[in-house]
Amino acid sequence: MDWWFLAELTVNGALTGLLYSLFAIGLVLVYKSSSVPNLAQGALTMVGAYVVVETARLAGLPLWVAIPLAMVLMFVLGLGIERVALRPLAGRPIIMILMMTLGIDIFLRSTTMAIFGGTSRPLGLNVSYDPLFVGPMLISRIHLVGAAVTLLLFALCVFFFRTRMGVRLRAISDDYMASWSVGIAVERGVGLSWGLAAISSTAAAVIWGEIQGVNAGLALLLLKGLTVAVLGGLDSLLGAIVAGIILGVLESVGSNFLDPLVGGGSRDLIVAAVLVLTVLLRPHGLFGRHDIERI
């Protein structure tokens, strides 16, 4: 066995996993503050990528200016989605809210495709595609940039949830009625979580849009992001980071051995197997809170 090649697969898999974590952080932000699994996160990522590209093109701005401007626009979109589509469902069964997020996903994807078409567009971050040599290992530069963005966003989120507003969002997630009773603006808090998730989706859109182009395929990242969030624990930011690394390594190393046996395509099989096994064996994830309720 070529141990250097195995090390290269492991390192690049871990970096790819951190990019999955970048996507999963948006899922955790919404769940951590409202206990709602956001099935529209994939569509928000796709929309964020198109907003970045079109903001740069229409306003004639460089990307380093267009990206923060797009984040502001996506924050407003996140607030609007919560206000128009989700706030009227407050107090309804969770399955209704879950189906609403799925409906939002379908609506955003179809609307975006109707406006911009299905042609893939380059993002143009100007990150070199020449690999970085670490000994005999080849490391992707864009994946290194994405991993750094993920860790920065993780640190900012950890800091945020230690602020007064972050504590309020955790209280909202624990108990809506108790939060209302002590004067916490629940609706405003949930809206803020959706706005933050939209900002996170834009960060993911920039990195993934550079890797695979700006197209409808960005919405399909939902499966891997959801797998990372479930494996790590839907309410755990640290879990999203650790689970992303685990999934990325399993996917990279595992597919190298399985692809010759099954003829290719084993990456999605590994992701699906991890999701199913997590739900069956540890439904609250590696770091998720396991609440025990009295009957």
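This is a short talk on how some helices pack in this structure and on a few residues within them.

Hi everyone, and thanks for coming. Please keep in mind throughout that we are looking at a predicted model.

Let me start with helix H8, which covers residues 186-212. What angle does H8 make with helix H5, residues 141-160? The two pack at about 170°, and their axes are 9 Å apart. Angles over 145 degrees count as roughly antiparallel, so that is how H5 and H8 run relative to each other. On the H5 side, the residues in contact are Ile-142, His-143, Val-145, Gly-146, Val-149, Leu-153 and Phe-160. They meet Leu-192, Leu-196, Ser-200, Ile-207, Glu-210 and Ile-211 of H8. Sorted by class, this contact has nine nonpolar residues, three polar ones and one charged one.

H8 has another partner to look at, helix H1, residues 3-34. Here the axes come within 8 Å, and the crossing angle is roughly 170°. H1 and H8 are therefore roughly antiparallel to each other as well. The list of contacts takes a moment to read out, so bear with me. From H1 we have Thr-16, Leu-19, Tyr-20, Leu-22, Phe-23, Ile-25, Gly-26, Leu-29, Val-30, Ser-33 and Ser-34. From H8 we have Val-190, Ser-193, Trp-194, Leu-196, Ala-197, Ser-200, Ala-203, Ala-204, Ile-207, Trp-208 and Ile-211. By class, the contact of H1 with H8 has 16 nonpolar and six polar residues, and no charged ones. If you compare the lists, Leu-196, Ser-200, Ile-207 and Ile-211 of H8 appear in the contact with H5 and again in the contact with H1.

Now let's zoom in on two residues of H8. Take Ala-204, which sits in this helix. Is Ala-204 buried or exposed? Ala-204 is buried, with a relative accessible area of 0%. Setting aside neighbours within four places in sequence, Ala-204 is in contact with Leu-22, Phe-23, Thr-45 and Gly-209. Another residue to look at alongside it is Met-46: 158 residues separate it from Ala-204 along the chain, and their C-alpha atoms are separated by 9.3 Å.

The second one is Ser-201, also in H8. Its relative accessibility is 1%, so Ser-201 counts as buried. What does the side chain of Ser-201 do with its polar atom? A polar atom of that side chain lies 2.6 Å from the backbone oxygen of Ala-198. Leaving out residues up to four places away in sequence, Ser-201 touches Gln-41, Leu-44, Thr-45 and Met-74. Thr-45, then, is touched by Ser-201 and is also in contact with Ala-204.

Let's go back to H1, where we find Asn-12. Asn-12 is buried, at a relative accessible area of 17%. A polar atom of the Asn-12 side chain lies 2.9 Å from the backbone oxygen of Leu-138. Leu-138 is also one of the residues that Asn-12 touches, along with Ile-139 and Ser-140, if we ignore residues up to four places away in sequence. Phe-5 is in H1 too, but here we have a partly exposed residue, with a relative accessible area of 38%. The C-alpha atoms of Phe-5 and Gly-233 are separated by 31 Å, with these positions 228 residues apart along the chain.

On to another pair of helices. The axes of H9, residues 222-232, and H11, residues 266-281, come within 9 Å and cross at roughly 35°. H9 passes H11 in a left-handed crossing. Leu-223, Lys-224, Thr-227, Val-230 and Leu-231 of H9 make this contact with Asp-268, Val-271, Val-274, Leu-275, Thr-278 and Val-279 of H11. These divide into seven nonpolar, two polar and two charged residues.

H11 also holds Ser-266, which is buried, with a relative accessible area of 1%. Beyond its neighbours within four places in sequence, Ser-266 is in contact with Ser-255, Leu-258 and Asp-259.

One last stop, away from the helices. Where is Asn-126? Asn-126 is in the loop between helix H4 (94-116) and strand S1 (132-134). Asn-126 is exposed, with a relative accessible area of 73%. Most residues other than glycine have a negative phi. Asn-126, however, has a positive phi, near 60°.

That's my tour; I'm happy to take questions.

How values were computed:
Residues are numbered from 1 along each chain as its sequence is written. This is a predicted model: local features need pLDDT of at least 70, side-chain atom pairs count only at pLDDT 80 or more; totals for chains, interfaces and linings use all residues. Side-chain values use heavy atoms; hydrogens and water are left out. Axes are lines fitted to C-alpha atoms, for helices over the stretch in contact, and angles run from 0 to 180 degrees between N-to-C directions. Helices (H or I, at least four residues) and strands (E, at least two) are DSSP runs, numbered from the N terminus. Angles under 35 degrees count as roughly parallel, over 145 as roughly antiparallel, 65 to 115 as roughly perpendicular and the rest as oblique. Contact means heavy atoms within 4.5 Å. Ala, Val, Leu, Ile, Met, Phe, Trp, Tyr, Cys and Pro count as nonpolar, Asp, Glu, Lys and Arg as charged, and the others, Gly among them, as polar. Buried means under 20% relative accessible area, exposed over 50%, partly exposed in between (1.4 Å probe, protein chains only). A polar contact is a pair of N or O atoms within 3.5 Å; within protein, one must be able to donate a hydrogen and the other to accept it, and residues adjacent in sequence count only if both atoms are side-chain atoms. A crossing is left-handed if the near helix is turned anticlockwise from the far one by less than a right angle, and right-handed if clockwise.
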